[in-house]
Amino acid sequence: MIGGLLPWSDSHGHAFSGLHLLQEGALDVFGTRRSLSSAFSATRLLLGGLSLQGALLVQALLFGIAVFLAARAVLRTHGWLAAAILSALCLFAAQETLPTSLSETSGVIFGAVALAILWQALGAGSVRLYALGVLVLAVGLNIRPGDLAILPLCVVAAAYFFPGRGTRWQAVGLAALAVLAASGAAMAWGLAFGNPAGAPQANFAYTLYGLSVGQDWGAGFRDHPDLLQRLAVEQERVVSGFLFDRAVANILADPRPLIGQCLANLGHYLVSTPLIGYHGGMGGTSFLTAALSVAVLLSIRRSAFDTLVALAIVSTFLSAGLVYGDGGWKSASTLFPFWAAAIALTASGIVTGLRGWLARRSGRSFPIPSAPISLDGRSAGGVAAAPLFGCVLVLFAVFVPAVAAVTGLARQPVPGKAGMAAVPDCPEGQDGIVLRPGFPTATLRLHPSGPSSPHLVPDIGIDDFRRGLEHSQSEVVPYLKDVPAGFSVSYVYDLRQDRPELSRWALRAVYLVAPTGLVPASGGLIAVCGTPVSVSLFGPRLLRATSARPLP
């Protein structure tokens with residue numbers, strides 16, 4: 001995030017897809033890749049009052065509730081120490097993505113709630129709760145794909161978790177229906193709201209082609225440079241289809257590059273996965289830590305809870321070769337709460353065992369902080385919270401944004417209708433945009449640096465802003481370094497309708513640089529004129545504003 005507020009790169013893609021859905025009633029090309037991710041983004045924007053800051057606050061609230069529910073589920077079976085470790089690991093894992101619109105935080109949210117529901121289902125022996133937990137997990141994996149092997153593993157494991165003659169096949173069948181329901185919802189969203197030029201999970205074609213030639217996701221564009229221009233004019237369905245066909249042909253002709261790259265990805269995964277944090281945090285290898293934890297747990301107890309977290313570790317191992325090379329830690333974000341649970345259970349068990357050993361050696365009693373409240377997970381009070389919240393999340397990801405898109409709940413008026421001027425009247429050599437203040441609300445106001453300069457977004461000192469740019473890799477950074485104090489930088493949505501090319505990718509997204517106060521903070525449609533700067537073929541654009549006026 002630029003300046004801690006303005007999205008760029010994938011963060012921009014997810015934020016803009018939500019805005020596009022609310023305004024146009026349809027997904028853009030980027031949003032068509034993962035329709036439920038864009039839909040969930042639109043819901044957060046709605047709940048946040050169409051403010052990017054508000055949407056981030058909603059995301060933080062959902063994250064807090066999700067981790068609390070997961071921790072409480074573990075608390076009921078393994079005590080407060082295990083719950084505390086789980087909470088800390090989840091927080092540290094999301095520390096860099098939580099204040100952004102990236103989909104990794106959504107993955108952790110759905111993963112944590114799925115863990116809470118599945119934990120309760122195993123403790124209570126409830127087939128229906130188990131199916132609900134699988135549904136929440138499957139929706140989360142459609143929002144932030146990665147370790148997809150966990151879904152068939154959960155379906156098969158249902159027969160182990162519910163071995164009764166009357167419940168085994170019921171559990172397997174309901175779990176399978178839950179997976180199909182989540183996939184069907186994503187497909188239905190793509191058919192109903194998707195962009196015809198886009199394709200669901202299109203970026204997997206780039207990854208598969210890279211694997212087929214022993215390289216990364218960018219290999220297709222290096223081998224076929226013309227594809228980038230075709231992609232710029234919204235032909236992603238064509239581009240991804242071509243690369244997928246070429247990838248299959250490459251694999252059939254010689255599978256060795258694929259096998260070699262998958263093994264290389266797996267080896268890299270095992271030695272470089274961060275313990276906590278998106279880019280490393282404290283370092284270490286969380287996968288190996290979690291895997292070792294599961295081995296210890298299964299060798300001691302082999303309870304249903306231990307088996308559940310073991311499934312997540314196995315799924316990560318099976319998926320890492322395919323997805324880690326391009327996805328990195330992001331590919332495991334939805335299952336990270338399960339990793340955290342494995343580590344938490346083992347650490348808690350070690351502390352319990354150590355205190356028991358000390359008690360036997362000394363003849364004194366030591367309080368055991370990890371003593372469970374209820375071994376069967378059916379403690380009185382609040383048992384419905386996780387299932388209810390899981391249902392709410394599914395509604396937020398599937399139904400609420402569909403209603404908003406169809407009804408135009410948050411749609412802004414556009415120029416050229418209701419007697420308003422159709423286009424901004426700008427001097428020769430300048431370009432113009434039409435915006436509505438508050439759609440979205442995302443403005444950084446830059447102040448002179450000094451002892452009294454503000455340090456909290458959206459008001460920050462110019463030196464703080466420039467220092468932040470040094471750590472950003474956005475294409476727009478070179479054009480923002482010389483913005484002086486007294487100016488504002490906003491992320492706005494261009495509503496003008498006379499240029500169809502603006503509907504390609506995210507060209508309606510604009511970084512607007514203007515003297516603070518030039519553009520009104522409220523009111524109706526505003527026409528803004530200024531000097532355009534070409535930043536990217538795919539957007540956002542950048543405009544240095546010189547004038548602004550209300551449209552009649």
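In strand β5, V489 is the bridge partner of L444. That residue pair opens a view of the sheet in this predicted model. L444 belongs to the covered face of β2, together with L446. T443, R445 and H447 make up the uncovered face of β2. Strands β2 and β5 run antiparallel and are joined by 3 bridges.

**The sheet**

The sheet is open and has 8 strands. Their order is β1-β7-β8-β6-β5-β2-β4-β3, and the pairing is mixed. Its edge strands are β1 (431-435) and β3 (455-456), each of which pairs on one side only.

β2 (residues 443-447) also pairs with β4 (residues 459-461). Here the sense is parallel, over 3 bridges. R445 stands opposite D459 of β4 in this pairing. R445 itself sits on the uncovered face of β2.

At the other end of the order, β1 meets β7 in the antiparallel sense over 5 bridges. I433 has V528 of β7 as its bridge partner. Strand β7 (residues 526-533) is mostly covered, with 6 of its 8 residues buried. β7 then runs antiparallel to β8 (residues 541-550), and 8 bridges join the two. G530 stands opposite A545 of β8. β8 in turn pairs with β6 (residues 509-515) in the parallel sense, over 4 bridges. Y511 and L542 of β8 are bridge partners.

The strand pairings described here are set out below.

| Strand pair | Sense | Bridges | Residues opposite each other |
|---|---|---|---|
| β2 and β5 | antiparallel | 3 bridges | L444 and V489 |
| β2 and β4 | parallel | 3 bridges | R445 and D459 |
| β1 and β7 | antiparallel | 5 bridges | I433 and V528 |
| β7 and β8 | antiparallel | 8 bridges | G530 and A545 |
| β6 and β8 | parallel | 4 bridges | Y511 and L542 |

**A helix across the strands**

Helix α19 (residues 462-469) lies across β2, β3, β4 and β5 (487-493). The helix runs at about 85° to β4. F465 touches L444, L446, I460 and V489. Its contacts also include I2, G3 and L480. This list leaves out residues up to four places away in sequence. Two of the residues touched, L444 and L446, form the covered face of β2. Another, V489, is the β5 partner of L444.

**Cores**

F465 also stands out in the largest nonpolar core, which has 137 residues. F465 is among the residues with the most contacts inside this core, along with L86, W119, Y130 and L480. Helix α6 (residues 104-124) supplies the largest share of the core, 13 residues. The core draws at least three residues from domain 1 (9-200 + 274-364 + 385-403), and at least three from domain 2 (417-550). A second core is separate and has 14 residues, including L208, Y209, V239 and L243.

**Aromatic groups**

How many aromatic pairs does the structure hold? There are 12. One aromatic cluster consists of Y130, Y160, F161 and F162. Y130 also ranks among the residues with the most contacts inside the largest core.

**A partly exposed leucine**

L270 lies in helix α14 (residues 256-272). Is L270 buried or partly exposed? Its relative accessibility is 22%, so L270 counts as partly exposed. The cut-off for buried is under 20%. L270 and A320 lie 9.0 Å apart in space, C-alpha to C-alpha. In sequence, 50 residues separate them.

**The chain as a whole**

The chain contains 20 helices and 8 strands. Of its 552 residues, 55% count as buried. Among contacts with a separation of 6 or more, 73% link residues 24 or more positions apart.

Conventions
Residues numbered from 1 in each chain as written. Predicted model: local features only at pLDDT ≥ 70, side-chain atom pairs only at ≥ 80, totals over all residues. Heavy atoms only, no water. Pairing = 2+ DSSP bridges. Contact = heavy atoms within 4.5 Å. Axes fitted to C-alpha atoms, helices over the stretch in contact; angles between N-to-C directions. Phe/Tyr/Trp six-rings, centres within 6.5 Å; stacked < 30°, edge-to-face > 60°. Core = buried A, V, L, I, M, F, W, Y, C linked by side-chain atoms within 4.5 Å. Buried < 20%, exposed > 50% of the residue type's maximum accessible area, 1.4 Å probe, protein only. Domains from an automatic or database assignment.
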